[in-house]
Amino acid sequence: MSYAGPDPDDFDECYRGDAPQEGRRPGRRAVLVTLAALVPTALAGWLVFQAVSGPGESEPPRVLPAPGTSSSTTPSPTGSARPTDGSPSASATPSKKPSHKPSEPAGAGDGPLAGKVVVIDPGHNPGNFRHTADINQSVNVGNASKECDTTGTSTNSGYTEATFTLDVARRMRAILERQGATVKFTQDGTRAWGPCVDERAQIGNKAHADAVVSVHADGSAAGNRGFHVILPASVHAGGADTRPIVAASKDLGERIAGRFVQVTGQPPSNYIGGGTGLDTRSDLGGLNMSTVPKVFIECGNMRDSQDAGRLTSGSWRQKAAEGISEGIVSFLRR
Ligand SMILES: [Zn+2]
């Protein structure tokens, strides 16, 4: 193989694959059934999207939904005139201002999210590949010790997850700051490696964030497709106690899943979550060590060619950022 990019085996912290993990399988069926019964948000949203979307439709102005409502957005066709790979992320968003705030200034302090703090955690770090000893150091995640951070995965053509997560995160920042939120990053491509997963959680905690979202893309087998949002399980061990944030994080994750599926057209995962687009895990340090509402989102599978086509598209990443952001806004205005 001529592939010379990151080691395909260097999956991210959130990658689960098919390997059984201690403490995960028992009760998994019950969790899935419960989620499917109580919260078919993502799947319902996907079905709505399927019903309302059609070829050749143009994209209407998008207005962020009011609390308790859902907007009838329709994703534009792929391959639009928007910049694709390599485009400066923040520059691709100005046309997406909500129509009801035509002169809203950028930055925190004004807008419907004034006073709200959002921490965005771009998964991994483009420099992690060059700092294996640093990212392999062990950190405590409450119920276990695990590596500080991982390299993340990549597409078969070498587009890295760390590049993807930073790009989506920056697009989200532009969207959320226009709504008046204060947005903080765990890393913005300016540090050599990391931070470690426990530090990523601490950054959200110290910011007293109203919501934290960790952005990822998965590295699973070809044919495995779709997105899923990872919710914190109830973990009370060592320095971890997620019990106070489980319910709010679930609410946050459901709202993000519901908006993501509608805005991006990306279906819920066909390999995790039983079609709900939701999964609950107790093995992620970034969730275990959080004291504020937090979820991960795996936007797609970088190792699947169809998903990779989306993940490497700048216009699709903009939709991903909008979908996640709309879920956050819905949560913060609930
Ligand atoms: Zn990841």
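Helices here are DSSP runs of at least four residues and strands are runs of at least two, both numbered from the N terminus. On that count, the protein chain of this predicted model has nine helices and ten strands. The chain holds 334 residues, and 55% of them count as buried. Its contacts reach far along the sequence. Among those between residues at least 6 apart, 83% join residues at least 24 apart.

Confidence comes next. The mean pLDDT of the chain is 79. A value of 70 or more is reached by 67% of the residues. Two stretches fall below 50. One covers residues 17-42, which make 39 contacts in the model beyond near neighbours in sequence. The other covers residues 45-106, with 99 such contacts. Where pLDDT is low, predicted coordinates should not be read in detail. The contacts counted for residues 17-42 and for residues 45-106 belong under that caution.

Turn now to a pair of helices. Two packed helices are described by the angle between their axes and the distance between those axes. For H6 and H9 the angle is about 145°. Their axes are 7 Å apart. The crossing is right-handed. The H6 side of the contact includes Ala248, Leu252, Ile256, Phe260 and Val263. Charged residues also take part on this side, among them Asp251, Arg255 and Arg259. The H9 side includes Trp316, Ala320, Ile324, Ile328 and Phe331. Gly323 and Gly327 of H9 are also part of the contact, as are Lys319, Glu322 and Glu326.

Two residues of this contact, Phe260 in H6 and Trp316 in H9, lead to the aromatic rings. The structure holds two aromatic pairs. In one, Phe227 and Phe260 are tilted, with 55° between the planes and 4.9 Å centre to centre. This pair links distant parts of the chain, 33 residues apart. Phe227 lies in the loop between strand S5 (211-218) and strand S6 (228-232), while Phe260 belongs to helix H6 (residues 246-264). The other pair is Phe260 with Trp316. Here the planes stand at 85°, an edge-to-face arrangement, with the centres 6.0 Å apart. This pair spans 56 residues, from Phe260 in helix H6 to Trp316 in helix H9 (residues 314-332).

Ring pairs thus join Phe227, Phe260 and Trp316 into a cluster. Are these rings buried or exposed? Phe227 is buried, and so is Phe260. Phe260 counts as buried because its relative accessibility is 0%, and the cut-off is under 20%. Trp316 is buried as well, because its relative accessible area is 3%.

Rings also meet charges elsewhere in the chain. The charged end of Arg173 sits over the ring of Phe185, 4.1 Å from the ring centre. Arg191 does likewise with Trp193, its charged end lying 5.8 Å from the centre of that ring.

Next, consider Ser290. This residue lies in the loop between helix H7 (285-288) and strand S10 (294-301). Ser290 counts as buried because its relative accessibility is 1%. What does Ser290 touch, not counting residues up to four places away in sequence? Its partners are Ala201, Asn205, Asp241 and Ile245. Thr242 is 48 residues from Ser290 in sequence. In space, the two are 6.8 Å apart, C-alpha to C-alpha.

The backbone has some points to inspect. The peptide bond from Gly194 to Pro195 is cis, with omega near 5°. Pro195 is found in the loop between strand S4 (182-185) and helix H5 (197-206).

Two histidines have positive phi. For His124, phi is near 70°, a positive value in a residue other than glycine. This histidine lies in the loop between strand S1 (117-122) and helix H3 (132-135). His208 has a positive phi of about 50°, although it is not a glycine. Its place is in the loop between H5 and S5.

Which of buried or exposed applies to His124, and which to His208? His124 counts as buried because its relative accessibility is 1%. His208 counts as exposed because its relative accessibility is 62%, and exposed means over 50%.

Methods: Residues numbered from 1 in each chain as written. Predicted model: local features only at pLDDT ≥ 70, side-chain atom pairs only at ≥ 80, totals over all residues. Heavy atoms only, no water. Phe/Tyr/Trp six-rings, centres within 6.5 Å; stacked < 30°, edge-to-face > 60°. Buried < 20%, exposed > 50% of the residue type's maximum accessible area, 1.4 Å probe, protein only. Lys NZ or Arg CZ within 6 Å of the ring centre and 35° of its normal. pLDDT = per-residue confidence, 0-100. Contact = heavy atoms within 4.5 Å. Axes fitted to C-alpha atoms, helices over the stretch in contact; angles between N-to-C directions. Left-handed = near helix turned anticlockwise from the far one by under 90°.
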